[in-house]
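Trainee: Hi! Could you walk me through this one? I have some quick questions as we go.

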Amino acid sequence: MVWIKFLALGSLFTSLTSGLPTTSPETDNAETRYGSSTAADRAQAVVDAFRVSWEGYYTHAFPNDELKPVTNGSSNSRNGWGASAVDALSTAILMQEEETVHQILAHIPTIDWTTTPTLVSLFETTIRYLGGMLSGFDLLSGPFAHLADNKEHVDALLSQSIKLADTLSFAFNTPSGVPWNTLTLSANGSGNDGSPNGLATTGTLILEWVRLADLSGNSTYASLVEAAEQHLLHPEPAWAEPFPGLLGGTIDPLTGMFLDSRGGWGGGDDSFYEYLLKMWIYDPTRYAELKDRWVTAADSTMAHLASHPETKPELTFVAGFNGTTLLLESEHLACFHGGNFILAGRALKEDKYIAFGLELVDACHATYAATATQIGPEVFSWDPHTVPADQTAFFAQNGFYITNPAYNLRPEVIESYYYAYRATHDTKYQDWAWDAFVAINATTRVGSGFSSVNDVDVRGGGGYMDFQESYWFAETLKYAWAVQVEGGEWHVGGEGGDKWVFNTEAHPVRVFGGK
């Protein structure tokens, strides 16, 4: 069991002492584990963690991109535009952290998108900065308008989104329309590094750029990403689609042709499949073809990639592939897939997707339950032919073994708990999310914030990386909080269907035509 570290957290968890683990695994049961703590208490504990994280960042690192909590330093992995601030905005709005909202709104109009000393990722900039600003605009123009005391700051969210997209739009100026992903911006001109693009980095632009087109009235933004998406909906050559709907991971921007047939639901491929479904939820009229492609990919995943480890066959993992050869490895990043299948099952009214999604959630939960910290590893495998000698017993007991033991403050497992709870209202998913949050706090809380750690199978995490990711604000804390709270039109699966859809950075935007 995991115990909370009380490290300068103020009121964090003080109301929850009856809910903290006080038993040994042998005497563990739901009543003794959770006591009388309520979902509202847990949600407040997450809010308190958000406040600690924000205070550390704002005091020691703002307006840089990230906090280094061990040394009270800063980092600029996202071009020095204040990634943690923009990524934190939608979470601060939903939590109604008014002072933090105002601090972020005051910063965003000051950002100059045209110059940065570091390479720019079109994908990362789109999901974090563009997605964060558009979400803030939708939320503050709608159900959270009461948090905005300066209309000019709200308007700046849209005007700065337009400036950012205009700055980046040269990336699409290729013979095929598939953009370059790695860009340079400077006073001397803009360019790219000439490297191929990827499936996720090409296919995870469409929600944000289409939303910008719809809000601004400038259809050019949508046309750019829709042209690129066509190469993913109709991939060439044919061998790049080894299973129906499942594609290789590397694309040549000059030709629009795929360069390999290696893929799966992990990093580099993941959010392409996520957005096929979410674009249909955003606008089912314009994006019916994307939904059909999601169904094809999902059915192929269930038929061809579902995999059961030989030492624990009740678990269901999703394999990767190289051509038609399966790769028995997955990762924390891929654990969003349970939530994506569940979301699809609800939206499409197809119980088979919900059932499969819940199996995937169970398996990702198992990766957390197996380790010394009760946090799942970055990468794991269940290939029985390559088990490390020092993990034979671990594999026999747990059905997988660890190939990269780090934890980078990732959200995907808790994200899927959120979707599972919204679909089933089974409180075990709230309990699992709380378990994960308690474990993450116990292991990653350090100095002025929270840090990625080196080894989840060593008590204490095996050392700190001294890095607080911006998506910690946008995703991990948001999902850990949202799974515990009811009410709010922004939730998925509300009455009357989904009125909002979350981008891959967990920034909610209104569906098309929503009011």
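Mentor: Happy to, and keep in mind that this is a predicted model. Let's begin with a salt bridge: the side chains of Asp48 and Arg51 meet at 3.5 Å, N to O.

Trainee: Where do Asp48 and Arg51 lie?

Mentor: Both are in helix H2, three residues apart, which is about one turn of the helix.

Trainee: And which side chain does Glu97 meet in a salt bridge?

Mentor: Glu97 meets Arg51, with an N to O distance of 2.8 Å. Arg51 therefore appears in two pairs that fit the 4 Å limit for a salt bridge, one with Asp48 and one with Glu97.

Trainee: How many salt bridges does the structure hold?

Mentor: There are 17 salt bridges in the structure.

Trainee: Let's zoom out. How is the protein divided into domains?

Mentor: Domain 1 is made of 37-75 plus 308-483, and domain 2 covers 83-279. Taken over C-alpha atoms, the centres of the two domains are 24 Å apart.

Trainee: How many residues from each domain take part in the contact?

Mentor: Domain 1 brings 39 residues and domain 2 brings 33 residues.

Trainee: What area is buried between domain 1 and domain 2?

Mentor: About 3100 Å² is buried there, and carbon and sulfur atoms give 65% of that. On the domain 1 side, Phe50, Trp54 and Phe321 supply 22% of the area buried against domain 2, more than any other three residues.

Trainee: What about polar links? How many salt bridges and how many residue pairs in polar contact are found across the interface?

Mentor: The rule finds one salt bridge across the interface of domain 1 and domain 2. For polar contacts, it finds 14 residue pairs, with both residues at pLDDT 80 or more.

Trainee: Which elements supply the side of domain 1 that touches domain 2?

Mentor: Helix H2 (39-60), strand E11 (320-322), strand E12 (325-327), helix H12 (337-348) and helix H17 (471-482) each supply at least two residues. H2 gives the most to that side, with seven residues.

Trainee: And how do the residues of that side divide into nonpolar, polar and charged?

Mentor: On the side of domain 1 that touches domain 2, 24 are nonpolar, nine are polar and six are charged.

Trainee: New topic: disulfides. How many does the structure hold?

Mentor: The structure holds one disulfide. Cys335 is joined to Cys364, with an S to S distance of 2.0 Å.

Trainee: Is the link of Cys335 and Cys364 left-handed or right-handed?

Mentor: The link is left-handed, with -90 degrees about the S-S bond.

Trainee: Which parts does the pair tie together?

Mentor: Cys335 lies in the loop between strand E13 (329-331) and H12, while Cys364 lies in helix H13 (residues 351-369), so the pair ties together parts that are 29 residues apart in sequence.

Trainee: Now the backbone. Which residues does a cis peptide bond join?

Mentor: One cis bond joins Phe62 and Pro63, with omega about 5 degrees, and Pro63 sits in the loop between H2 and strand E1 (66-68). Another runs from Glu236 to Pro237, where omega is near -5 degrees. Pro237 is placed in the loop between helix H9 (220-233) and strand E7 (250-251).

Trainee: Last one: what is the phi of Lys349?

Mentor: Lys349 has a positive phi of about 55 degrees although it is not a glycine. You'll find Lys349 in the loop between H12 and H13.

Methods:
Residues numbered from 1 in each chain as written. Predicted model: local features only at pLDDT ≥ 70, side-chain atom pairs only at ≥ 80, totals over all residues. Heavy atoms only, no water. Domains from an automatic or database assignment. Contact = heavy atoms within 4.5 Å. Buried area = accessible area lost by both parts, 1.4 Å probe. Polar contact = N/O pair within 3.5 Å; in protein donor to acceptor, adjacent residues only side chain to side chain. Helix = DSSP H or I, 4+ residues; strand = E, 2+ residues; numbered from the N terminus. Nonpolar A, V, L, I, M, F, W, Y, C, P; charged D, E, K, R; others polar. Disulfide = S-S within 2.5 Å.
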